[in-house]
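Q: I would like to take a close look at one part of this protein, and I would be glad of a careful explanation that connects that part with what surrounds it. Here is the model.

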Amino acid sequence: MVMARPAAGGGRWVEISPERIRGWLDGFYGRHDGAIEQGLVLTGVSNGDTATLYPPPGLADVQDVDMLLAGVLRPPRIAVLLARKGAVAAGVADGTTLTVSKVERFYVQGRTAAGGSSQQRYARRRANQAGAATHRATDIAARVLLPYAPGVHADPHDDAVSALVCGGDRSMIDAVLTDRRLSALARLRHPHLLESAEPRLAVLQDAAVTARRIRVHLMP
């Protein structure tokens, strides 16, 4: 699958599934009468258009196109954490398959139009519920994901996760990962935050697929 959207500051982002990346590269070379490769940056010969490739999570050491193509043949094991005020989903993905997963929903009261002291009571109650949801999400991440973190994962015949992919509410994710128990996972956090609907199992499965895509910044 190839997905495109405008990029802040110019150009556009394209997201390409590993199965299509080789064909997409062939198309870029063909449209530009070839390309000059400098690491993960391609510059079209015909007009100077550029394509900057960003490897998927777990392939941070990839330095050029050949390494990228080799790396996506065997997708690394990754952890996925999605969180919003009303739910959390955590899982470990091997390729597009979730081998471990947990989804839980929380009750967090919606905003109210009431004023005065009633509004303050609602706000305090909502804040308490949101805090409890964040605490519960942290416990779930520790129970489901932490056993697969490097230095914690004990099975020498089984790979630890090589990256943590997050999605949903950035502030809630940030709050979850400040917990000291999750420091081994926080160090693996991939900088790109996935857009996510309210977390549930189907959304978590989609996130495992989305996380594998190669992101390409095209200019112009």
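Leaving aside its neighbours within four places in sequence, which residues is Leu81 in contact with?

A: The model is a predicted one, so to speak of local features a pLDDT of at least 70 is needed, side-chain atom pairs count only at pLDDT 80 or more, and totals for chains, interfaces and linings use all residues. Residues are numbered from 1 along each chain as its sequence is written, and side-chain values use heavy atoms, with hydrogens and water left out.

Once the neighbours within four places in sequence are set aside, Leu81 is in contact (heavy atoms within 4.5 Å) with Val88, Ala89, Ala90, Ala141, Leu145, Leu164, Val165, Cys166, Gly167, Ile173, Val176 and Leu177. To place these partners, it helps to begin with the secondary structure, which comes to six helices and ten strands; helices (H or I, at least four residues) and strands (E, at least two) are DSSP runs, numbered from the N terminus.

Leu81 falls within strand β6, residues 77–84, which pairs with strand β7, residues 87–94, in the antiparallel sense over eight bridges; two strands are said to pair if DSSP finds at least two bridges between them. A hairpin of two residues joins β6 to β7, and along this pairing Ile78 has Ala93 in β7 as its bridge partner, while the bridge partner of Ala79 in β7 is Val92. Strand β6 also runs parallel to β9, to which five bridges join it, and here Leu81 itself has a bridge partner, namely Cys166 in β9.

These strands belong to an open sheet of four strands, whose order is β8-β7-β6-β9 and whose pairing is mixed. The edges are taken by β8 (97–105) and β9 (164–168), each of which has a single partner strand, so one side of each is left without a neighbour in the sheet. On average, neighbouring strands of this sheet are turned by 10 degrees against each other, direction ignored. For such angles, axes are lines fitted to C-alpha atoms, for helices over the stretch in contact, and angles run from 0 to 180 degrees between N-to-C directions.

Helix α4, residues 170–177, packs on the sheet by touching β6 and β9, and its direction makes about 120 degrees with that of β6. Helix α6, residues 201–211, packs on the sheet as well, touching β6, β7, β8 and β9, and its direction makes about 135 degrees with that of β8.

How much of β6 is covered can be seen from its burial: seven of its eight residues are buried, so the strand is largely enclosed by the rest of the structure. Buried means under 20% relative accessible area, exposed over 50%, and partly exposed in between, with a 1.4 Å probe and protein chains only. For the protein of 220 residues, the share that counts as buried is 44%.

Leu81 is one of the residues with the most contacts inside the largest nonpolar core, together with Leu145, Leu164 and Leu185, and this core has 29 residues. A nonpolar core is a set of buried Ala, Val, Leu, Ile, Met, Phe, Trp, Tyr and Cys residues joined through side-chain atoms within 4.5 Å. Two or more residues of this core come from each of β6, β7, α3 (116–144), β9, α4 and α5 (183–186), and α3 gives the most, with six residues. There is also a second, separate core of 19 residues, which includes Leu59, Val62, Leu68 and Val216.

Returning to α6, its residues Val203, Leu204, Ala207, Ala208 and Ala211 are buried. They cover an arc of only 145 degrees around the axis, which puts them on the same side of α6; the arc is that of the directions from the helix axis to the C-beta atoms. Strands β6, β7, β8 and β9 are among what covers these buried residues.

At strand β8, Ser101 offers a contrasting case, being partly exposed with a relative accessible area of 40%. Ser101 and Leu201 are 100 residues apart in sequence, yet 7.9 Å apart in space, C-alpha to C-alpha. Apart from neighbours within four places in sequence, Ser101 is in contact with Ala90, Gly91, Leu201 and Leu204. For the protein, 60% of the contacts between residues at least 6 apart in sequence join residues at least 24 apart.
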